[in-house]
Structure formats: C-alpha cells, structure tokens
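Please open the model in your viewer, with selection by residue number ready and a distance tool at hand. The tour goes from stop to stop, saying at each what to select and what is to be found there.

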Amino acid sequence: MIVTIDGPAGAGKSTIARALADRLAFAFLDTGAMYRAVTLDALRSHASWEDAGALAELARRSKIELDETQVYLNGDDVSDAIRTTEVTTHIHFMADNPAVRERMVELQRMYADGKDIVTEGRDQGTVVFPDAECKIFLTASPDERARRRLEELRQRGESPTLAEVLQQQDQRDLRDSSRGVGRLEKAQDAIEVITDGLTPDQVLAHLLEFVRARIPDQQDG
Ligand code: C5P
C-alpha cells in the first residue's frame, strides 16, 4: 500500500510522515531529501546553475541512497549537510528542472516498488503515485508554519525575525506551487488536513484512523 503525504514546507509533514510510517510498520521516503542531495552534489561539483542540461546530467549520475534515517550521496553520509540554508536557497534550480524531476520520479518509484510505504513531498499523490490508495494533503496557515519554522531555526542557534521567515516561506510557496511540472497541489482524491491548533499526536491519530480504514485486512477484521 502506498500512502502519499504532500504539502507546503512547515506543515509538519516530515515528523508526521515518519511517525505514521513507524506506527504502520511501513517504509518511509523523504523525497525532499533527494532534491536536497542532488542540489548538494551540484554545489560540491561547482555546477553552473544556468546550465539545465549539465544539471540534469549530474542528477542522472548522482548516486543517492536513503534508508529510514540517513541520506547518502555518492557513498557519503550527507544527512546533516543537506539541511543547510545554502542547499535550501539553491534547491529550486534542481526542483524546477523537468529532466531532474524525471530522474527523481524514477528513483522514487524504484524505491517504493513492492513496499508498503509512506512517501512525503510535493508531487507524490499527483505525479509520482497517482494510483496511491491513501493520499493526504497536510497544510497549515502561513503564520502557523512560519512560527514553527522560527522555533526550529532558534533551536539551531539561528535568529531571524518572524517577518524574514514569512518572506522566505512565501517565496518558496510561490515557487513550489507555480513550477511547470511537479508543482505543489492537492490531488483531487486527497484528504486535506489543516494542522493549525493541533498537536502532532492529534494529527497522527487522525491520519492513522484514515489509513487503517483503507488497509484491506484490517477493514475485514
Ligand atoms: O521537503 P523539503 O522542504 O525538504 O523539500 C525541499 C524542497 O525540495 C522543496 O521546497 C521543493 O522545492 C523540493 N521538492 C520538490 N518535490 C518533492 C519534494 C521536495 O520539488 N517531491
């Protein structure tokens, strides 16, 4: 069974998707980490951001491996290195490139093949797994998402203002929802869950109920 969780940055997707996979004993795939890894590869190899063909070629060559907790790029553990602001600010060069996306989609389908899996990103329910049995669109208001992000950054020792976080978030939302392919949008057959005012445990309980109701064996029993 495939469970897709899409939504904007800061909606709490990662935490919830991981916890959901854990509770269901399903595999987990963080597709944002794949876009991050390929962006890091381009940074490390000083690729030209203007050369879409070279970026696509690099994406085809990059060896990206993931397990439940770690991300490896060409054999190197890059789980922390992919979370820097430098990677985040350059990611759109890769995420907007249709040939790069094509490669990522191919890898995501290979990863999920034959597995029960929770997969998380922007285009999982729309493009990558249009036939997934359970599709979830997880979101929250811009203010709530920015407040959560600010909290996260402060814990990491960074100290931007709420206005700065909101501005960057708006930019990223706009980019994610207006790209030509793989844009952020709710699949028609996805349920939308707005997480404002809900604790992660409450969201998790709701999603577990939704997914379990669709697992054939459990429906019967
Ligand atoms: O999920 P995360 O915030 O780590 O994703 C980083 C970026 O990767 C997103 O802002 C988006 O531009 C891109 N992305 C994407 N498609 C996905 C997952 C992530 O374009 N399926």
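In which loop is Glu 50 found? Select Glu 50 and you are in the loop between α2 and α3, where helices (H or I, at least four residues) and strands (E, at least two) are DSSP runs, numbered from the N terminus.

Before going further, note that this is a predicted model, in which local features need pLDDT of at least 70 and side-chain atom pairs count only at pLDDT 80 or more, while totals for chains, interfaces and linings use all residues. Residues are numbered from 1 along each chain as its sequence is written, and side-chain values use heavy atoms, with hydrogens and water left out.

**The loop between α2 and α3**

Glu 50, at 70% relative accessibility, counts as exposed; here buried means under 20% relative accessible area, exposed over 50%, and partly exposed in between, with a 1.4 Å probe and protein chains only. Keep Glu 50 selected and add Phe 93: the two are 43 residues apart in sequence, and their C-alpha atoms are 8.3 Å apart in space.

Now select His 46, which has its place in the loop between α2 and α3 and counts as exposed at 71% relative accessibility. Its phi is near 50°, a positive value in a residue other than glycine. Most residues other than glycine have a negative phi.

**The aromatic pair**

How many aromatic pairs does a search of the whole structure find? The search finds one, on the criterion that rings of Phe, Tyr and Trp (its six-membered ring) pair if their centres lie within 6.5 Å, with planes under 30 degrees apart counted as stacked, over 60 as edge-to-face and the rest as tilted. Select Trp 49 and Phe 93: the ring centres are 5.1 Å apart and the planes stand at 25°, so this pair is stacked. Trp 49 lies in the loop between α2 (31–44) and α3 (52–61), and Phe 93 in helix α4 (residues 85–95), so the pair ties together parts that are 44 residues apart in sequence. Colour by accessibility, if your viewer allows it, and compare the partners: Trp 49 counts as buried at 18%, whereas Phe 93, with a relative accessible area of 26%, is partly exposed.

**A charge over a ring**

Next select Lys 115 together with Tyr 111. The charged end of Lys 115 sits over the ring of Tyr 111, 4.1 Å from its centre; the term requires NZ of Lys or CZ of Arg to be within 6 Å of the ring centre and within 35 degrees of the ring normal.

**The ligand and its shell**

Select the ligand and then the residues around it, a residue being near a molecule or strand if one of its heavy atoms lies within 4 Å of it. Of the 15 residues around the ligand, Arg 36, Arg 101, Asp 123, Arg 172 and Asp 176 come nearest. The shell divides into three nonpolar, four polar and eight charged residues, where Ala, Val, Leu, Ile, Met, Phe, Trp, Tyr, Cys and Pro count as nonpolar, Asp, Glu, Lys and Arg as charged, and the others, Gly among them, as polar.

Zoom in on the individual atom pairs. A polar side-chain atom of Thr 31 lies 3.0 Å from a nitrogen atom of the ligand, and an N or O atom in the side chain of Arg 36 is 2.8 Å from an oxygen atom of the ligand. Asp 123 has a side-chain N or O atom 2.9 Å from a nitrogen atom of the ligand. The protein covers 95% of the 450 Å² of accessible area that the ligand has on its own, by the Shrake-Rupley method with a 1.4 Å probe. The elements that give two or more residues to the shell around the ligand are α2, α4 and α8 (162–178), and α2 gives the most, with four residues.

**Further stops**

Select Ala 25, found in the loop between α1 (13–24) and β2 (27–30). Ala 25 is exposed, with a relative accessible area of 69%, and its phi is near 60°, a positive value in a residue other than glycine.

Move on to Leu 58 in helix α3, which is buried, with a relative accessible area of 7%. With the distance tool, take Leu 58 to Gly 180: they are 122 residues apart in sequence and 21 Å apart in space, C-alpha to C-alpha.

The last selection is Arg 122, in the loop between β6 (117–121) and α6 (124–128). At 15% relative accessibility, Arg 122 counts as buried.

Methods. Polar contact = N/O pair within 3.5 Å; in protein donor to acceptor, adjacent residues only side chain to side chain.
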